[in-house]
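These are my notebook entries from a first look through a structure that was new to me. I kept them in the order in which I looked things up.

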Amino acid sequence: MIYNNSHLAAIYDADNPDGEDHDFFRAKAEELTALRIVDLGCGTGLLTTTLVSPDRSVVGIDPADAMLDVARARPDGQQVEWLQGTAELIQPASVDLAIMSGNVAMHILSDEWQKTLGHISKGLLKGGNLIFESRNPDAEAWKNWSHQVTRETPIGLLQESEETTEPDEHGIVTMKCHYRFLEDNYELDTQQKLQFRSHQQIVEDLEAVGLVVTASYKNWHREDFTGGLEQPLMVFAAEKE
């Protein structure tokens, strides 16, 4: 679990700042008048805490302690229920909106993906919604991920290199990263995997657990996803039958 590291947790928000994606999730929560939200794979809670309101309960779930330590320390962190773990912690019929932002859905590999969707479906009330994003494999984004760079971070200068493989037969790419934090001469090697799934596969996976896709977008401005190399992002909204 690469993000269970205090150095990586400390730079996570700088690498994944608040932006159009978070605006989209916040707007959806308002439109759906969601009163019980679970943010699965919440990370440092940058989005999660902004979903808090007086009449709404918010749960943030993540497997990484180091990320949750950052989340709990946020100004509104005490208003969120933080849980260390995975989707199995979602209580049955307890939420009307579940969110997976960033690459959370792609981090969930192989059989665990269908199990996760099953837990989410059981956790949603009838008419509840799951909203998440994934990457369109047709755009082959992995081809641009390998790099070597020296950059400034919130905890000092970082030398970083990454090598990304081609997808295997299951659409899984492997990313091997080396980090050297120059301020304290701390080095770290990590390996993580992401699974690319086609639009059709995701729709079928959702339907298999009783979730019906109500919309799929190619960007955060809610333009319809139609596929192809020029549409690297897929944003799904699915409803519990």
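**Entry 1, an aromatic pair.** I began with Tyr186 in this predicted model, and I noted that Tyr186 is partly exposed, with a relative accessible area of 27%. Phe181 is buried, with a relative accessible area of 1%, under the 20% that marks the limit for buried residues. I then counted the aromatic pairs in the structure and found 11. In the pair of Phe181 and Tyr186 the ring centres lie 6.2 Å apart and the planes stand at 35°, so I wrote the pair down as tilted. I also listed one aromatic cluster, which is formed by Phe24, Phe25, Tyr217 and Trp220.

**Entry 2, the sheet of four strands.** Next I looked up how S6, S7, S8 and S9 are arranged, and I found that these 4 strands form an open sheet in the order S6-S7-S8-S9, with antiparallel pairing. Strand S6 (147-153) and strand S9 (186-195) are the edge strands, each pairing on one side only, and the twist from one strand to the next averages 20°. Strand S8 (residues 172-181) is joined to S9 by 10 bridges, the two running antiparallel, and Ile172 has Gln195 as its bridge partner in S9. I noted as well that helix H1 (residues 6-15) packs on this sheet, where it touches S6, strand S7 (156-164), S8 and S9, and that the direction of H1 makes about 110° with that of S8.

**Entry 3, Thr174.** Is Thr174, which has its place in strand S8, buried or exposed? I found its relative accessibility to be 10%, so Thr174 counts as buried. The side chains of Thr174 and Lys193 are joined by a polar contact of 2.8 Å. Leaving aside neighbours within four places in sequence, I listed the contacts of Thr174, among them Glu163, Thr165 and Gln191.

**Entry 4, the sheet of seven strands.** I turned to the other sheet, in which 7 strands are ordered S3-S2-S1-S4-S5-S11-S10, open and with mixed pairing. Strand S10 (211-217) and S3 stand at the edges with a single partner strand each, so one side of each has no neighbour in the sheet. The twist here averages 20° from one strand to the next. S4 and S5 run parallel and are joined by 5 bridges, and I noted Val95 opposite Leu124 in S5. Helix H2 (residues 20-31) packs on the sheet and touches S1, S4, S5, S10 and S11, its direction making about 165° with that of S5. H6 also packs on the sheet, touching S5, S10 and S11, and its direction makes about 15° with that of S11.

**Entry 5, the cores.** Which residues of the largest nonpolar core touch the most other members? Of its 27 residues, I found these to be Met100, Ile120, Leu130, Phe132 and Leu206. Among the elements that each supply at least two residues of this core are helix H5 (110-123), strand S5 (124-135) and helix H6 (199-208). For Met100, leaving aside neighbours within four places in sequence, I noted contacts including Phe25, Leu40, Trp113 and Ile120. Apart from this core lies another, of 23 residues, with Leu51, Val52, Val58 and Ala71 among them. Ala71 brought me to helix H3 (residues 65-72), whose buried residues are Ala66, Met67, Leu68 and Ala71. I closed the entry with what these residues pack against, namely H1, strand S2 (57-62) and strand S3 (81-84).

Note on methods
Residues numbered from 1 in each chain as written. Predicted model: local features only at pLDDT ≥ 70, side-chain atom pairs only at ≥ 80, totals over all residues. Heavy atoms only, no water. Pairing = 2+ DSSP bridges. Axes fitted to C-alpha atoms, helices over the stretch in contact; angles between N-to-C directions. Contact = heavy atoms within 4.5 Å. Buried < 20%, exposed > 50% of the residue type's maximum accessible area, 1.4 Å probe, protein only. Polar contact = N/O pair within 3.5 Å; in protein donor to acceptor, adjacent residues only side chain to side chain. Core = buried A, V, L, I, M, F, W, Y, C linked by side-chain atoms within 4.5 Å. Phe/Tyr/Trp six-rings, centres within 6.5 Å; stacked < 30°, edge-to-face > 60°.
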